[in-house]
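Colleague: Please take a close look at a single part of this model, beginning with the coordination and then moving outwards to its surroundings. A connected account would serve me better than a list.

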Amino acid sequence: VTALDPQLFGPGSARDARFQVKDVWAEMVNFPPDHPEANREFLHRQMNEEVEGLELCARSLADFPDAPWEVRMEMARQCWDEARHAVAFRRAFEARGGIVGQYPVLTFQYRILTRIDTLAGRLAVQNRSFEAAGIDAIHHDLALARQAGESDVAELLEAQLADELQHVRYANRWVKELVAAGGPRASFDLVRAVAQADQAMRIVAGDAVVSFPVAEELRREAGFDEDEIRTVAQLTTRRL
Ligand SMILES: [Fe+2]
Ligand SMILES: [Fe+2]
């Protein structure tokens with residue numbers, strides 16, 4: 001495996017000795033969807049991603065101490081939400097006989113985000129790209145969990161969806177406010193941040209980018225306008 005470009009990828013967030021941390025998607029276990037362990041591996045991977053969401057918000061709170069108080073409060077609340085999500089996924093995972101650390105994990109979101117040096121850029125990538133793609137995925141998974149009679153997972157996803165909508169909604173508001181306050185330079189930084197993350201994401205995903213149908217109604221609720229909903233299908237910063 002060749003080392004990842006340090007311009008695009010910072011160091012990963014720390015994981016204790018239980019975890020095997022990989023760099024790219026191809027190094028994960030990649031069970032086919034009908035494999036008996038596929039669901040359990042998903043729950044483990046999602047648990048780790050929720051921890052990453054928490055770590056990213058906490059990191060941005062520390063990195064941007066002068067950001068407006070209201071957006072800092074939103075980020076602090078998001079830390080709390082992501083911590084609850086991690087616990088909920090762990091519970092569902094362990095209820096299915098899983099042992100924490102059983103499958104490899106990635107910390108690609110943290111590695112990509114910490115190479116973006118503006119708060120607007122981080123909110124655009126973490127909340128408006130990764131989490132908004134998460135809304136499409138949760139919407140899709142929720143229907144599957146209900147069909148399969150997995151009521152604990154369905155309940156978890158419903159609660160998570162409500163929280164993720166708020167994370168995307170506040171980012172939609174604050175990316176605009178921060179860019180408007182920062183002038184032309186801020187618009188340029190924003191475009192560069194999104195392009196950089198997109199480039200990094202293509203390296204992580206390889207040819208494994210999976211996208212779900214755009215949950216248009218939910219995205220509207222999360223503050224995207226009609227143009228943004230139409231163009232989202234062209235982005236590659238999608239959920240793996
Ligand atoms: Fe979450
Ligand atoms: Fe979130």
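Modeller: A donor is here an N, O or S atom within 2.8 Å of the metal, and because water is not among the atoms, a site may look incomplete. The model is a predicted one. With that meaning of coordination, the central feature can be stated: the iron ion (ligand 2) and the iron ion (ligand 1) lie 3.5 Å apart, and Glu 82 coordinates both.

The iron ion (ligand 1) takes its donors from Glu 50 (OE), Glu 82 (OE), His 85 (ND1) and Glu 164 (OE), at 2.0 to 2.3 Å. Its 4 donor atoms subtend angles of 89 to 141°. Four donors count as tetrahedral if all angles lie between 85 and 135 degrees, and as square planar if opposite donors are over 155 degrees apart and all others between 65 and 115. An upper value of 141° satisfies neither condition, so the arrangement around the iron ion (ligand 1) is irregular. For reference, the ideal angle for four tetrahedral donors is 109.5 degrees.

Along the sequence, the donor residues of the iron ion (ligand 1) follow the spacing E-x31-E-x2-H-x78-E. Glu 50 belongs to helix α1 (residues 38-63) and Glu 164 to helix α5 (residues 151-182); these two residues are 114 residues apart, and the pair links distant parts of the chain. Glu 50 and Glu 164 are both buried.

The iron ion (ligand 2) has as protein donors Glu 82 (OE), Glu 131 (OE), Glu 164 (OE) and His 167 (ND1), which lie 1.9 to 2.3 Å from the ion. Here the angles among the 4 donor atoms run from 79 to 153°, and this site, too, is irregular. The donor residues of the iron ion (ligand 2) are spaced E-x48-E-x32-E-x2-H. The last two in that pattern share a helix: Glu 164 and His 167 are 3 residues apart in α5 and are therefore separated by about one helical turn. Like Glu 164, His 167 is buried.

Outside the donor shells, the packing of the helices may be considered. Helix α2 (residues 69-95) packs against α5 at an angle of about 160°, the axes being 10 Å apart. That angle makes the two helices roughly antiparallel. The crossing of α2 and α5 is left-handed. Several donor residues take part in this contact, for Glu 82 and His 85 are among the contributors from α2, while Glu 164 and His 167 are among those from α5. Other participants include Met 75, Ala 88 and Phe 89 of α2, and Leu 156, Tyr 170 and Trp 174 of α5.

A second packing involves α1, the helix that holds Glu 50. The axes of α1 and helix α4 (residues 119-147) come within 12 Å and cross at roughly 155°. These helices are therefore roughly antiparallel to each other, and α1 passes α4 in a left-handed crossing. The contact draws on residues including Phe 42, Leu 56 and Arg 59 of α1, together with Leu 119, Arg 122, Gln 126 and Asp 141 of α4.

To summarise the site, Glu 82 bridges the two iron ions, and Glu 164 appears among the donors of the iron ion (ligand 1) as well as among those of the iron ion (ligand 2).

Conventions
Residues are numbered from 1 along each chain as its sequence is written. Chains are lettered from A and ligands numbered from 1 in the order in which they are written. This is a predicted model: local features need pLDDT of at least 70, side-chain atom pairs count only at pLDDT 80 or more; totals for chains, interfaces and linings use all residues. Side-chain values use heavy atoms; hydrogens and water are left out. Donors are N, O and S atoms within 2.8 Å of the metal (3.2 Å for Na, K and Ca); water is not among the atoms, so sites may look incomplete. Four donors count as tetrahedral if all angles lie between 85 and 135 degrees; four count as square planar and six as octahedral if opposite donors are over 155 degrees apart and all others between 65 and 115; anything else is irregular. Helices (H or I, at least four residues) and strands (E, at least two) are DSSP runs, numbered from the N terminus. Buried means under 20% relative accessible area, exposed over 50%, partly exposed in between (1.4 Å probe, protein chains only). Axes are lines fitted to C-alpha atoms, for helices over the stretch in contact, and angles run from 0 to 180 degrees between N-to-C directions. Angles under 35 degrees count as roughly parallel, over 145 as roughly antiparallel, 65 to 115 as roughly perpendicular and the rest as oblique. A crossing is left-handed if the near helix is turned anticlockwise from the far one by less than a right angle, and right-handed if clockwise. Contact means heavy atoms within 4.5 Å.
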